[in-house]
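Dear colleague,

Please find below the structure that I am handing over to you. My notes on it follow directly after.

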Amino acid sequence: MSIMIDSEKCIGCGRCAEVCPGNLIAMDGKAYMKYPKDCWGCTSCIKECSAGAVKFFLGADMGGMGSLVHTRQQGDILTWVMECPDGSVKEIHINRKESNRY
Amino acid sequence: MELQKLSTDVLIIGGGTAGCYAAITIGEHSPDTKVLICEKANIRRSGCLAAGVNALNAYITDGQTPQDYVDYARKDAEGIVRGDLLLTMSEKLNAVTEHLERLGLVILKDEKGKYVTRGKRNLKINGENIKPLLADAVYSMKNVTVLNHVNMTDFSVSENRIKGAFGFNVRKEIFYSITAKAVIICTGGAAGLYQPNNTGFSRHKMWYPPFNTGAGYAMGIRAGAEMTTFEMRFIALRCKDTIAPTGTLAQGVSAKQINAQGEVYEDKYGLTTSQRVHGTVMENINGRGPCYLKTEGITSEQDDALLRAYLNMSPSQTIKWLESGKMPSQQNVEIEGTEPYIVGGHTASGYWVDTDRETTIHGLFAAGDVAGGCPQKYVTGALAEGSIAAQSALRYIDSHDFSGISDEEISRHFWEAEKFLDRDNAPFDCEQLEEAMQTVMDRYAGGIRTNYRYNEKQLAAANERISQIEKLAETLCADDMHELMSIYELRERLTVCKSLIAHLAARKETRWHSFAENLDYPERDDENYLCYINSRLENGRIRIIRRRPVKEDEHYEHNDRQ
Ligand SMILES: Cc1cc2nc3c(=O)[nH]c(=O)nc-3n(C[C@H](O)[C@H](O)[C@H](O)COP(=O)(O)OP(=O)(O)OC[C@H]3O[C@@H](n4cnc5c(N)ncnc54)[C@H](O)[C@@H]3O)c2cc1C
Ligand code: SF4
Ligand code: SF4
């Protein structure tokens, strides 16, 4: 599992590179994933990107099927957006003020 | 590299859970004390809490007492715990929880405003943003300075007293020499010692952060600090492939561990943390694998709640469910044991500390996963220890001033790092040597491949190979500061591996299946081994020290250190 950065969408704010716990993302005007195989999959970078440019995927070696996931935030609502290879899109909205049920 | 010299009253190494909380504690209790946090990443999302956590695993619920928590942890560790450390931690669990809530953590409450509990010791939360909340609290403290992207590598110690530490920036060519009156080490545990479950592209999809490389242990070992119980490795039982936590399934929807034939097997092997792993290993060995958590038949509302809960702590698992098109209600969740880690917050490995969390080096305190003797700490326990260590450091600096670091020592550490940058054309790269180390540990020191088992002959072979790789690591070269960090991480892991092997060899019994399963000594031996196995590096050799159990009515002090 790792991330991809859409350079068309990236506005070069540098926040993803700043927060990655493994210092894996570098900046060259725009952000790029410098060490794809070292990603822990924590999704910190994805939640930090207000442009929705960082996309997360599961590696084929762990059963990934090619969906790309990014997030969108509005107030307390964090929306996880999953773009599937067949073109369909799934969304899950999480209220950050609500606890897990389990 | 450029050399920068800094000084601070208290230096905190590692701005994770324990480190941030130690800084907050000093900020609140002693606003004139200068605190510096050096963090290799950025405290906003660094360490174990990066993705978020699913619950607070350590809380004293109604009807339970701190002593009950001590008893539980002692039983789970088959007796090898420090009663004094567990009790002083347990007594603080509820206060730090309430503090977390004041900082903004969402904790589930009932209509009467009381926390809703999960089992005897857990609270339900939304833990997705727990780390940014702690980071914000740190930044609100006027006396705390944070240096992000600074990787610390060595302590400065003379006459067994801390003077400061060395490190470098992982992005800019800056080497730091930092003097401090006291140091709190909070670098977490060690992952990446053994070959992981996923060995290819997703090699870093492991449970414990691959960026916690055991730096704190290695720095302490090299400086002659005493370490304890490394042989009690932690192996997590996790969802296959995603290595996501299973507690939410086990506790949330009461999913039982079943084998391929659908039989519940957990009762057969016992319910301690190591027995649960062992049971799963045994079912596989005996041809009844794979093993699962039985989720088939749960409701679609439960499916939905699980999808959400996992997004808040381990998003890969939610994506896996969605991509496969099979929800947990339709398909049981396959489980497997991870590779072994050294983590003092789950098991008891780490620095040998006194009740006040001072290590055997004067003025060096330890908290969180890096500190030993006190398992089942989890998030709240790491916070509790962070606050205890901070209070102790404050008392210490009352009567201890700076003792400067000599230019000769600075220059030695500076050139040790610079040589990797100056050199080019090395036969090996860091990745190759890391793979070599993980393969050796996997095959000869009880990794996944040998079902976590080992014997003395294998350990001796492991020791020999790791020593050779240590020498090869000295020939590496680094093109930039990130590569320099990778080289230091490898060296730290190798140092930890050697101590670990010595500990595994020293406990000539099998007290915990899987965690420390010695095939030459398959039985538990209370007569000889109801004691701590400690170690110290002396003149380049690891000396094993056995110590008697410490109970909770005792205030333990180091009375035989230099
Ligand atoms: C994936 C995961 C899920 C968990 N879920 C739960 C849960 O649901 N509930 C619960 O109660 N507990 C949970 N735990 C356990 C709990 O999170 C940890 O025990 C606790 O956070 C450890 O705190 P720490 O401060 O010791 O380590 P960390 O928080 O990891 O902090 C260590 C810090 O040191 C930094 N560092 C490391 N090396 C260096 C160096 N050389 N120089 C400078 N900085 C360095 C790291 O970047 C990191 O920021 C979980 C742990 C993990 C890994
Ligand atoms: S956070 Fe998003 S917009 Fe900012 S640099 Fe990273 S990818 Fe680009
Ligand atoms: S998912 Fe986590 S580890 Fe991977 S690049 Fe993003 S922030 Fe870094």
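In this predicted model, the contact between the two chains draws on 60 residues of chain B and 51 residues of chain A. The area buried between chain B and chain A comes to about 4,700 Å², and carbon and sulfur atoms account for 56% of it. On the side of chain B, B:Phe201, B:Phe211 and B:Glu323 together supply 16% of the area that this chain buries against chain A, more than any other three residues.

Charged pairs also occur at this interface: 7 salt bridges are found across it. A salt bridge also joins the side chains of B:Asp480 and A:Lys34, with a distance of 3.6 Å from N to O.

I turn next to the second largest pocket, which has a volume of about 710 Å³. It is lined by 30 residues, of which B:Ile221, B:Arg222, B:Glu470, B:Thr495 and B:Leu537 are the closest to its centre. Several elements of chain B give two or more residues to this lining, among them strand S8 (150–158), helix H6 (215–222) and helix H15 (456–473). The greatest contribution is that of H16(B), with 9 residues. Sorted by class, the lining consists of 15 nonpolar, 5 polar and 10 charged residues.

Where does the second largest pocket lie with respect to domain 1 and domain 3 of chain B? Domain 1 (2–49 + 131–188 + 343–407) and domain 3 (409–540) both give residues to the lining, and the pocket therefore lies between them.

With kind regards

Terms used:
Residues are numbered from 1 along each chain as its sequence is written. Chains are lettered from A and ligands numbered from 1 in the order in which they are written. This is a predicted model: local features need pLDDT of at least 70, side-chain atom pairs count only at pLDDT 80 or more; totals for chains, interfaces and linings use all residues. Side-chain values use heavy atoms; hydrogens and water are left out. On a 1 Å grid over the protein atoms alone, a cavity is a set of points where a 1.4 Å probe fits but cannot get out, and a pocket is an open set with protein on both sides within 12 Å along at least five of seven lines; lining residues have an atom within 4 Å of a point. Grid points are joined across faces, edges and corners, and a volume is the space filled by probe spheres set on the points. Helices (H or I, at least four residues) and strands (E, at least two) are DSSP runs, numbered from the N terminus. Ala, Val, Leu, Ile, Met, Phe, Trp, Tyr, Cys and Pro count as nonpolar, Asp, Glu, Lys and Arg as charged, and the others, Gly among them, as polar. Domain bounds come from an automatic or database domain assignment. Contact means heavy atoms within 4.5 Å. Buried area is the accessible area (1.4 Å probe) that two parts lose on being put together, summed over both. A salt bridge is a side-chain nitrogen of Lys or Arg within 4 Å of a carboxyl oxygen of Asp or Glu.
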